[in-house]
Amino acid sequence: MSKIFVIAEHLNGEVEDITYEMLGKAKSLGGDVIAVLLGSGAKDMASDFAADKVLYVDSPELANFNPEAYCKTIVSLVGSHTPNIVLVGNTSQGMDIAAGLSIDCNMPLIAYASDVSEGSVTSQLYGGKMSVESAVEGDFIASVLAGSFPVDAGKGSGAAVEEVAAPDLSGLKIKFKQLIEPEGGDVDITATDVLVSVGRGIQNEDNMEVVQVLADKLGAALSCSRPIVDSKWLPKTRQVGKSGLKVKPKVYIAVGISGAPEHIEGMKDADCIIAINTDANAPIFDYADYGTTEDLFDVVPALTEKL
Amino acid sequence: MNIIVPIKQVPDLVEELEIDSSGKDLDREWLKFKVNEFDDHALEEALLLKEDSGGTVTAIALDGDDIDKALYAAAAKGADKVVKVTGIEGNVSNHEAAKAFANAIQGMGADLVFTGVQSVEDRDGQLGVLLAHYMNVPHISVVTGVAVNGDSVNVTKEYGGGMVAEFEAATPIVLGIQAARETPRYVPVAKVRRAMRSTDLEEVSAGDVSVSAGSSVSRMFKPESGGGAEMLSGSAEDVAGKLADIIKGKI
Ligand SMILES: Cc1cc2nc3c(=O)[nH]c(=O)nc-3n(C[C@H](O)[C@H](O)[C@H](O)COP(=O)(O)OP(=O)(O)OC[C@H]3O[C@@H](n4cnc5c(N)ncnc54)[C@H](O)[C@@H]3O)c2cc1C
């Protein structure tokens, strides 16, 4: 039977959903599911893990995520326990673990995984425009896209916790300083029924007016994809997705958004998704309820007019 | 600080992607390539850091179609040195690319290596972290801020929900840049042409890159539209009318 490691993830004292998603998936693969939890005084976090066993490493250096300390510790655990499959999140934390593990433990890594089985992993590549199946012989690591598996399947009544001593973590070159919480915004996009969400298809800041008037007409909030925030056309508090907020409005109108996996993660649970995008192959249409390939600069003003 | 920025060309997703006859890869014959957008952010952050705190910026790329142009563009934007890694070309795994970069960068006295945090073809893992492990130096990914602080750097890493962590790190280190402080600068073609005449493009050998991703592609396919959207037909005016009705029905 295969031995499956699931690298648990937590942030600011809370276990992240990706942990449960991976635990549930591991269980469905039928292996011996071993959750790996690193922290400081954090043992209780494992109390609802659906796992056969929990390996827990406690050290002040592991209290908060530190790429160097976490890598060293997980490399040493993989070395001593030789799992057949390692599941790690394709998340901000997981990105700093998976690839290093691949080299230091000499195991193949398949990233952006949306499905995993023995010997085969499916990845979402090219901004979600292509699915790629990889064949792999022997032990491997898969870094799993958040939102790929149900969360509930990974929740259970916990498991026997085995405490493992941390490796030597002296002389770390990276020191954790602090976590900084986001500043509150003027609008809470997680609390509105309708979101007009704008992406790079809007082209420039002057055009933002086009979507703003639609939002105003609908009494909706204006949210956006990441590039809009990076361009400083809207504040960070309006960003939907992996590094932004998760939203679940009644209606989500995606305007000029391609639907990269990092965006989809934040909005796929909306009740009704409408996509306006001139590219018929844009992945957003795979998640939308209604779509149109008409130009946003024609549809959005016409729609505003009709409401 | 001596900052090295590895640059990678990736398929431009604006183009329609087709699968080749093997069923395992993109049809690359007519694909348009562009510099990975996160690499543009990495270069921008490097140039901004140099402008604040001094140092040098070197852009480095593996040999390939149009790569000279990408390197001259980096020079036109302000990179002090541009380097092409030869003896490796085409569609290699990120493990191989990272090894080639590690070999080439060794001996350059890098304090900081900035890569784009990810690209659209990282099937076997993100380049920066692979590179760091081949170089045997630490790494931080998903970086949205870097400031020089004496011999070390203060780095912010982004998590979900807008939460960020602050780290202090000794150099050398590899940072996977998510977003530069400023929108990556634009450089007019005329300036790239001038850079082409005045810049010395150095070449370095990739050396021994006998590593592998350890897995192979068995199938590539367009994701089945999971139920997919109901596509609304008609003129923009018609579509707007239908959308208005749908929206009114939901709220
Ligand atoms: C660690 C990490 C975290 C990330 N977190 C997030 C996140 O939280 N949220 C997020 O959104 N992204 C996130 N990203 C970025 C993500 O990978 C994509 O780059 C981003 O989602 C793309 O945004 P976009 O769809 O607006 O732009 P693009 O992908 O450029 O899409 C623009 C779309 O507009 C369409 N278009 C163009 N003109 C028109 C027109 N006239 N009418 C109609 N349609 C038009 C085009 O067909 C295209 O599909 C993250 C990336 C990383 C690496």
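Does T82(A) count as buried or as exposed, and at what relative accessibility? In this predicted model, T82(A) has a relative accessibility of 52%, and because exposed means over 50%, T82(A) counts as exposed. The residue is found in the loop of chain A between α2 (67–81) and β6 (85–89). Its backbone also deserves attention, since phi of T82(A) is near 40°, a positive value in a residue other than glycine.

A second residue with a positive phi is Y112(A), for which the angle is near 55°; this residue, too, is not a glycine. Y112(A) belongs to strand β7 of chain A, which covers residues 109–117. With a relative accessible area of 4%, Y112(A) is buried.

Another point of the backbone to examine is in chain B. There, T171(B) and P172(B) are joined by a cis peptide bond, with omega at about -5°. P172(B) is placed in the loop between β9 (164–170) and β10 (173–177) of chain B.

A loop residue may also be buried, as M45(A) illustrates. M45(A) is placed between β4 (32–39) and β5 (53–58) of chain A. Its relative accessibility is 17%, and because buried means under 20%, M45(A) counts as buried. Which residues does M45(A) touch, not counting those up to four places away in sequence? They are H10(A), G13(A), E14(A), V15(A) and L37(A). Of these, H10(A) is 35 residues from M45(A) along the chain, yet the C-alpha atoms of the two are separated by 8.7 Å.

The interior can now be considered as a whole. In soluble globular proteins, nonpolar side chains tend to be buried together. The largest nonpolar core here has 95 residues, and those touching the most other members are F5(A), L101(A), V5(B), I60(B), F114(B) and L175(B). Apart from this core lies another, of 35 residues, which includes M208(A), L214(A), V300(A) and A236(B). To see the surroundings of one core member, the reader may look at F5(A): leaving aside residues up to four places away in sequence, its contacts include I34(A), V36(A), L55(A), L77(A) and H81(A).

On the scale of a whole chain, chain A is divided into domain 1 (3–164) and domain 2 (189–306). The C-alpha centres of these two domains of chain A lie 32 Å apart. Each domain gives 11 residues to the contact between them.

Empty spaces complete the picture. The second largest pocket holds about 730 Å³ of space. Its lining comprises 28 residues, of which V229(A), K236(A), E158(B), G162(B) and V164(B) are the closest to its centre. Two elements give two or more residues to this lining, namely α5 (226–230) of chain A and β8 (152–158) of chain B. The most comes from α5(A), which gives 3 residues. By class, the lining of this pocket has 11 nonpolar, 8 polar and 9 charged residues.

There are also 4 cavities of 30 Å³ or more. The largest cavity has a volume of about 60 Å³, and its lining includes P6(B), K8(B), D39(B) and Q126(B). This lining divides into 3 nonpolar, 6 polar and 3 charged residues. The second largest cavity, of about 50 Å³, is lined by residues among which are H10(A), F65(A), F176(A) and Y159(B). In chain A, β2 (10–11) and β12 (174–180) each supply at least two residues of that lining. The lining of the second largest cavity has 6 nonpolar and 4 polar residues, and no charged ones.

Notes. Residues numbered from 1 in each chain as written. Chains lettered and ligands numbered in written order. Predicted model: local features only at pLDDT ≥ 70, side-chain atom pairs only at ≥ 80, totals over all residues. Heavy atoms only, no water. Core = buried A, V, L, I, M, F, W, Y, C linked by side-chain atoms within 4.5 Å. Buried < 20%, exposed > 50% of the residue type's maximum accessible area, 1.4 Å probe, protein only. Contact = heavy atoms within 4.5 Å. 1 Å grid on protein atoms, 1.4 Å probe; cavity = no way out; pocket = protein on both sides within 12 Å on 5 of 7 lines; lining within 4 Å. Points joined across faces, edges and corners; volume = space filled by probe spheres on them. Helix = DSSP H or I, 4+ residues; strand = E, 2+ residues; numbered from the N terminus. Nonpolar A, V, L, I, M, F, W, Y, C, P; charged D, E, K, R; others polar. Domains from an automatic or database assignment.
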